[in-house]
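Welcome! Please take a moment to look over the sequence and the 3D structure before reading on.

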Amino acid sequence: MAVEILLPKLGFSMEEGVLSEWLVADGASVTEGQPLYTLESDKSAQEVEAPATGTLHIIIDSTGETYPVGTILGEIR
Amino acid sequence: MVTGSNAPDVATLMRIYRRMSSIKQNDERMRATIRAGKLAIIYYSPRGQEVIPSAIAEHLNDDDYLVTIYRGIHDQIAKGVPLKSLWAEYAGKVTGTCKGKGGPMHITHPETGVMVTTGVVGSGMPIATGLALASQMSGDGRVTITNFGDGASNIGAFHESLNLASIWKLPVVFVCQNNGYAEHTHYSEGTAVENIADRAASYNMPGVTVDGNDPVAMWKAAQEAVARARAGEGPTLLECKTFRFMGHLLGDDSHYIPKEEMAAALEKDPVPLFRQKLIDDWQVPAADLDKLDADIATEIDEAVQFALDSAYPDLVENKRDILAEEMA
């Protein structure tokens with residue numbers, strides 16, 4: 001079953017974040033908990049972990065762009 | 001190992017460990033769920049502070065009152081709020097403790113004595129003092145526990161509450177979970193006294209400082225304070241020294257905490273330390289603890305699924321619980 005990679009809320013007033021960089025290539029295998037991408041919000045930049053183990057399918061690869069909380073960034077199948 | 005008549009037995013210690021493990025695992029799951037984007041909420045991790053409510057709970061009845069704060073999920077779990085209702089409320093679902101209308105900051109569950117959770121620093125203590133006054137007037141025998149952080153002891157309501165509770169000898173225990181940081185400010189930069197318990201002297205009540213990460217010391221200190229309240233002898237200010245591992249709120253990288261201080265605290269993580277102590281000093285088989293931890297993980301799995309699968313309150317529900325009469 002595919003697990004969606006959703007842009008998380010990681011701050012008190014965070015409503016959107018910048019997808020800075022994917023740390024894993026599209027189509028590569030990932031392990032749950034492994035750093036998956038870098039997210040910038042108003043106060044900090046941090047690495048966000050893979051929510052599941054499987055193969056990464058990137059849906060949004062335009063790094064440097066801003067997206068709202070809840071945006072589907074990719075899937076792990 | 002503590003021995004003697006006034007010492008917890010192994011069954012007591014196992015119950016304390018069970019609560020600690022529930023709180024730790026629940027916290028790990030909550031953080032993972034939020035970081036995976038499945039819950040978009042503000043979260044204040046209690047990781048590192050598991051011992052305090054887990055030991056206090058040994059001395060409380062189901063109907064004793066609890067008032068806690070936004071960093072309070074450890075207090076709520078230790079008091080016995082069912083994980084399903086708790087997760088559902090965190091997720092804002094109609095199956096939650098407040099039918100999805102309270103949210104993480106306002107967990108309320110009178111069935112287990114959790115009378116209110118507050119989102120404003122220092123605002124729980126006057127409410128707890130009022131609950132204790134009600135218990136004294138009605139003679140219901142209940143004790144009220146009110147939790148707050150070190151920063152809250154600089155708020156006026158702290159001083160007013162302690163003063164009134166002492167004058168009227170109310171059955172309340174003021175539990176300061178001193179984790180060394182008020183939001184991003186180190187204790188020494190915001191609080192004039194070395195120990196918050198010293199402030200009890202101003203209000204003529206016992207002030208006790210205890211290692212809040214030591215389950216046995218915590219059990220004993222809570223036993224005395226709760227017994228005193230229950231006997232009608234009045235309140236106690238119980239300062240439990242602890243540390244928080246995950247910053248003020250999720251997303252805070254704790255950059256204001258010196259790396260050495262954080263590393264030293266993590267080295268003394270109370271949950272694995274106590275687990276090992278049960279094995280070494282109390283001959284608890286590791287397999288028993290493995291099973292207990294695994295059972296808790298299953299219970300949390302079910303709670304998360306229940307919360308995610310539940311519905312949000314509808315528009316009709318949103319009009320309920322506002323006025324005494326049903327709104328049209």
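This report goes through the sheet, the helices beside it, the nonpolar cores, a pocket and two loop residues.

## The sheet in chain B

Keep in mind that this is a predicted model. A good place to begin is chain B, where six strands make an open sheet with parallel pairing, in the order 2-1-3-4-8-7. Strand 2 (114-118) and strand 7 (207-211) of chain B sit at its edges, each pairing on one side only. From one strand to the next, the twist averages 20 degrees.

To see one pairing in detail, follow strand 1 (residues 65-69) and strand 3 (residues 144-149) of chain B, which run parallel and are joined over three bridges. B:Val67 has B:Thr146, in strand 3 of chain B, as its bridge partner. As general background, strands of a sheet pair through backbone hydrogen bonds.

## Helices on the sheet

Two helices of chain B are worth finding next. Helix 5 (residues 124-138) of chain B lies across strand 1, strand 2, strand 3 and strand 4 (172-178) of chain B, and runs at about 170 degrees to strand 3 of chain B. Helix 6 (residues 156-167) of chain B also packs on the sheet, where it touches strand 3, strand 4 and strand 8 (236-241) of chain B. The direction of helix 6 of chain B makes about 150 degrees with that of strand 4 of chain B.

## Nonpolar cores

In soluble globular proteins, nonpolar side chains tend to be buried together. Here the largest nonpolar core has 78 residues, and those with the most contacts inside it include A:Trp22, A:Tyr37, B:Met30 and B:Met218. Leaving aside neighbours within four places in sequence, B:Met218 is in contact with residues including B:Val51, B:Ile56, B:Val210, B:Leu238 and B:Cys240.

There is also a second, separate core of 21 residues, with B:Leu131, B:Phe158, B:Val172 and B:Cys176 among them.

## The largest pocket

The largest pocket has a volume of about 590 Å³. Its lining has 21 residues, and A:Val3, A:Pro51, B:Thr33, B:Ala36 and B:Lys38 lie nearest the centre. Strand 1 (3-6) of chain A, helix 1 (10-35) of chain B and helix 11 (286-309) of chain B each supply at least two residues of this lining.

## Two loop residues

B:Lys99 has a positive phi, near 55 degrees, although this residue is not glycine. B:Lys99 lies in the loop between helix 4 (83-90) and strand 2 of chain B. Its relative accessibility is 32%, so B:Lys99 counts as partly exposed.

B:Gln283, also not a glycine, has a positive phi near 55 degrees. B:Gln283 is found in the loop between helix 10 (270-282) and helix 11 of chain B. B:Gln283 counts as exposed because its relative accessibility is 60%.

Notes:
Residues are numbered from 1 along each chain as its sequence is written. Chains are lettered from A and ligands numbered from 1 in the order in which they are written. This is a predicted model: local features need pLDDT of at least 70, side-chain atom pairs count only at pLDDT 80 or more; totals for chains, interfaces and linings use all residues. Side-chain values use heavy atoms; hydrogens and water are left out. Two strands pair if DSSP finds at least two bridges between them. Helices (H or I, at least four residues) and strands (E, at least two) are DSSP runs, numbered from the N terminus. Axes are lines fitted to C-alpha atoms, for helices over the stretch in contact, and angles run from 0 to 180 degrees between N-to-C directions. Contact means heavy atoms within 4.5 Å. A nonpolar core is a set of buried Ala, Val, Leu, Ile, Met, Phe, Trp, Tyr and Cys residues joined through side-chain atoms within 4.5 Å. Buried means under 20% relative accessible area, exposed over 50%, partly exposed in between (1.4 Å probe, protein chains only). On a 1 Å grid over the protein atoms alone, a cavity is a set of points where a 1.4 Å probe fits but cannot get out, and a pocket is an open set with protein on both sides within 12 Å along at least five of seven lines; lining residues have an atom within 4 Å of a point. Grid points are joined across faces, edges and corners, and a volume is the space filled by probe spheres set on the points.
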